Amino acid sequence: MAVDNAYRKIRVVSIAPGIIRTDMSVGEASSIGMAMASPAGRMAEPEEIARFMEYMIRDDYLNGVDILYDGGTISGMRAKQGQ
């Protein structure tokens with residue numbers, strides 16, 4: 001999709017966030033446990049995701065990627081699997 005629409009100046013970029021602190025996530029024991037297990041040791045704040053999205057909109061060269069924005073959780077899981 002990104003390649004097919006690049007000539008139209010349509011970019012395809014996605015964010016794969018980890019746990020975000022919201023009214024729904026606060027107080028959930030499983031969410032808090034998962035957040036503490038992440039290398040960042042916390043949940044992302046909604047404002048952090050918004051700032052990153054704003055950056056992605058401004059950067060007109062970024063195209064065809066899925067960005068993990070999870071505080072290193074997936075990388076940490078992959079590293080543990082390699083042990």
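How much area does the chain expose, and what share of it do carbon and sulfur atoms supply? The exposed area is about 6300 Å², and carbon and sulfur atoms supply 58% of it. The model on display is predicted.

**The whole chain**

Begin with the full chain in cartoon view. Four helices and two strands are present, and from the N terminus on they follow the order α-β-α-α-β-α. Of the 83 residues, 16% are buried. If contacts are drawn for pairs with a separation of 6 or more, 67% of them join residues 24 or more positions apart.

**Helix α3**

Next, select residues 46–58, which form α3. The 13 residues of α3 should span 18 Å at 1.5 Å a residue, and the end C-alpha atoms are 19 Å apart, which agrees. Within α3, colour Glu48, Ile49, Phe52 and Met56, which are buried. These residues lie on the same side of α3, because they cover an arc of only 95 degrees around the axis. Show β1 (13–17) and β2 (65–69) as well: the buried residues of α3 pack against these two strands. Then turn to the face of α3 directed away from the buried side, where the exposed residues Arg51, Ile57 and Arg58 are found.

**Aromatic rings**

Display the side chains of Phe52 and Tyr55. The structure holds two aromatic pairs. Phe52 and Tyr55 form a tilted one, with 6.0 Å centre to centre and 35 degrees between the planes. Both residues belong to helix α3 and are three residues apart, about one turn of the helix. An α-helix has 3.6 residues a turn, so residues three or four places apart point the same way. Phe52 is buried, with a relative accessible area of 18%, whereas Tyr55 is partly exposed at 45%. Add Tyr69 to the selection; ring pairs link Phe52, Tyr55 and Tyr69 into a cluster.

**Glu48 and its surroundings**

Now centre the view on Glu48, which lies in helix α3. Is Glu48 buried or exposed? Glu48 counts as buried, since its relative accessibility of 15% is below the 20% cut-off. Leaving aside residues up to four places away in sequence, Glu48 touches Arg42, Met43 and Tyr69. With Arg42, Glu48 forms a salt bridge in which the closest N and O atoms are 2.7 Å apart. Arg42 counts as partly exposed, at 41% relative accessibility.

From Glu48, move to Met43, in the loop between α2 (29–37) and α3. Met43 is buried, with a relative accessible area of 5%. Select Ile20 with Met43: the two are 23 residues apart in sequence, but their C-alpha atoms are 5.3 Å apart in space.

**The other salt bridges**

Side chains of opposite charge can pair when their charged atoms come close. The structure has three salt bridges. One of them joins Arg21 and Glu45, with the closest N and O atoms 2.9 Å apart. This pair links distant parts of the chain, as Arg21 is in the loop between β1 and α2 and Glu45 is in the loop between α2 and α3, 24 residues apart. Arg21 is partly exposed at 35% relative accessibility, and Glu45 is partly exposed at 27%.

Finish the tour in α3 with Glu54 and Arg58, which form a salt bridge with the closest N and O atoms 2.5 Å apart. Glu54 and Arg58 are separated by about one helical turn because they are four residues apart in helix α3. Glu54 is partly exposed, with a relative accessible area of 39%, while Arg58 is exposed at 64%.

Terms used: Residues numbered from 1 in each chain as written. Predicted model: local features only at pLDDT ≥ 70, side-chain atom pairs only at ≥ 80, totals over all residues. Heavy atoms only, no water. Buried < 20%, exposed > 50% of the residue type's maximum accessible area, 1.4 Å probe, protein only. Contact = heavy atoms within 4.5 Å. Expected span 1.5 Å × (residues − 1). Arc of directions from axis to C-beta. Areas by Shrake-Rupley, 256 points an atom, 1.4 Å probe, with all protein chains shown as cover. Phe/Tyr/Trp six-rings, centres within 6.5 Å; stacked < 30°, edge-to-face > 60°. Salt bridge = Lys/Arg side-chain N within 4 Å of Asp/Glu carboxyl O.
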